[in-house]
Structures are given as structure tokens and as C-alpha cells.
Amino acid sequence: MIIKENLLYSAGATEEHYNPGDYIFREDTIPHFYYQIVTGVVKLNSYNDDGKEFIQNIFSDESTFGESMLLLAKPYPVNAVTISRCTVLKVSREQIFKLMDANPYILLSLCKVLSERSYEKNVLMRKITSKNAEERLMEILDILKQSHMNRDKFSFEIPYTRQQLGAFTGICVETVIRAIKRLEKNNVLMIRNRKIFY
DNA sequence: TCATTAAAGTTAT
DNA sequence: ATAACTTTAATGA
């Protein structure tokens, strides 16, 4: 959790409810709010000229998203779309700036979040330059697993569909499917009723 | 090696 | 039932 919920409420936070597929904000619009997920999963995506989706990031419970654009007051370069039912706290830009003024540690934790995001992007960019789809996929599986604790083989259920993995890596679904099957043959991962365990 | 297209199978709502 | 997701196969860059 980046900012305590009661603090957000004291800053006039409103609780927003979304159904899967709802847009929280759209590309090219100006940010006016700080968003923090209470429950649910949100993706940041964009579409290329062919209409192919590219997922930039996926966030779930207790994380904030779109904060860098809010601070900069630059138009969103991505859409925020809910993947599941979501409850999200929403605080106006003015109020969140007041909060940061009054609570230096909030500023600090925001800095930390931004640094983390930047670091993750660097790692991702570095890894995603791997040659073939199979290796690229393995790299992002590694990254995803790092966020959850258990290091054991096959202990981590990938919380994404093959389509989402494809949109996340820029690989088409069919290739994801084939690559994953090959990885299963090589004992890198395990498939149990269509769920991927890594 | 991989994207694309098409078509069919499976699961979730 | 319908939509969403997965799978297989053929083709071409």
C-alpha cells in the first residue's frame, strides 16, 4: 500500500467501482486524479496502427497507477482498463499535492514507487531484447515470479491469459501458446487445466 | 522463426 | 446462449 486508505479518505477520496473492461482513464486525456486500487486488477494499454493491443503494465490490489503523469500534468500515453471488477480510490490532484506537502513520507514513498517502476522498465527492456519468443517469454515469467515470494519450481500460477501474455510481450497469441508448450516439454513450466505454473 | 488468417474447440458468464 | 479464450493448421515474409 502506498498511501494509507484513511489518509486518502481524509483528503476527500471517493470510492469508485468498475466492471471488467471499464476505462478508468483514456489515452491523450489530462490527468486530474490520483488512483489507488483497493481490490481488482487494472492494465495500462495502448493500440498500434493495426489495432493490436500492447499492455504496458498490469497492477493489482493496493497499488497506484498513472501517478507519474499526474505529477507531470502530461496527457496519459496509455489507457487504464480494468481486467476484473475493481474498487479504486480516487483523489483530486490538488488534494494529493496537499497530502504530499503535509506528509513528507508520502512524497518519499511516491518517489520510491516511481523509482521502482523505472527500474522494472529498465530490466524489462534489457531482457525483452532476447532473440526468440521462447526466451522472451521466459524472461517475463521470471519477472512476474519475482513479485511473489515462493521460489519453488511450478509454485507460481501465472495470473494472466495467453492473450494477455502476448499483448504484454508483443508476441501473438498463437506463438505464445506454442512457446509455452515447448517450455512445458522442456520442464521449464507446468500446465494444469490450461493454467500455467512456473 | 514468427505473424496472420481462418476455423474449430473449450471455458466462463 | 454467448462471449472470451485456447488450440491447430496453412501460408507467407
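A polar side-chain atom of Gln 163 lies 3.1 Å from a phosphate oxygen of DNA strand C. This is a predicted model. The exercises start from that contact.

**Exercise 1.** Find which elements give two or more residues to the surface near DNA strand C.

*Solution.*
- Start with the contact of Gln 163 to a phosphate oxygen of DNA strand C, at 3.1 Å. The elements that qualify are helix 6 (162-169) and helix 7 (173-185).
- Now list the surroundings of DNA strand C: Thr 161, Arg 162, Gln 163, Glu 174, Ile 177, Arg 178, Lys 181 and Arg 194. Of the strand's atoms within 4 Å of the protein, 69% are sugar and phosphate.
- Weigh the elements. Helix 7 gives four residues, the largest share.
- Sort by class: one residue is nonpolar, two are polar and five are charged.

**Exercise 2.** Determine which parts of DNA strand C the side chains of Arg 162 and Arg 178 approach.

*Solution.*
- Take Arg 162. An N or O atom of its side chain is 2.5 Å from a phosphate oxygen of DNA strand C.
- Take Arg 178. A polar atom of its side chain lies 3.2 Å from a base nitrogen of that strand.
- Arg 162 therefore makes a polar contact to phosphate, as the pair falls within 3.5 Å. By that cut-off, Arg 178 makes one to a base.

**Exercise 3.** Assign the polar contacts of Glu 174, Thr 175 and Arg 194 to parts of DNA strand B.

*Solution.*
- Glu 174: a polar side-chain atom lies 2.8 Å from a base oxygen.
- Thr 175: a side-chain N or O atom is 2.6 Å from a phosphate oxygen.
- Arg 194: a side-chain N or O atom is 3.3 Å from a sugar or linking oxygen.
- Check the whole surface. Sugar or phosphate supplies 65% of the strand B atoms within 4 Å of the protein, and bases the rest. The residues near this strand are three nonpolar, three polar and two charged.

**Exercise 4.** Classify the aromatic pairs Phe 25–Tyr 76 and Tyr 35–Phe 65.

*Solution.*
- The model has six aromatic pairs. Phe 25 and Tyr 76 are stacked, at 3.5 Å centre to centre and 5° between the planes.
- Locate them. Phe 25 is in strand 2, and Tyr 76 is in the loop between helix 2 and strand 7, 51 residues apart.
- Check burial. Phe 25 has 5% relative accessibility, so it counts as buried. Tyr 76, at 2%, is also buried.
- Turn to Tyr 35 and Phe 65. They too are stacked, at 5.4 Å and 10°. Tyr 35 is in strand 3 and Phe 65 in strand 6, so the pair joins parts 30 residues apart in sequence.
- Place both pairs in one cluster: Phe 25, Phe 33, Tyr 35, Phe 65 and Tyr 76.

Terms used:
Residues are numbered from 1 along each chain as its sequence is written. Chains are lettered from A and ligands numbered from 1 in the order in which they are written. This is a predicted model: local features need pLDDT of at least 70, side-chain atom pairs count only at pLDDT 80 or more; totals for chains, interfaces and linings use all residues. Side-chain values use heavy atoms; hydrogens and water are left out. A residue is near a molecule or strand if one of its heavy atoms lies within 4 Å of it. A polar contact is a pair of N or O atoms within 3.5 Å; within protein, one must be able to donate a hydrogen and the other to accept it, and residues adjacent in sequence count only if both atoms are side-chain atoms. Ala, Val, Leu, Ile, Met, Phe, Trp, Tyr, Cys and Pro count as nonpolar, Asp, Glu, Lys and Arg as charged, and the others, Gly among them, as polar. Rings of Phe, Tyr and Trp (its six-membered ring) pair if their centres lie within 6.5 Å; planes under 30 degrees apart count as stacked, over 60 as edge-to-face and the rest as tilted. Buried means under 20% relative accessible area, exposed over 50%, partly exposed in between (1.4 Å probe, protein chains only).
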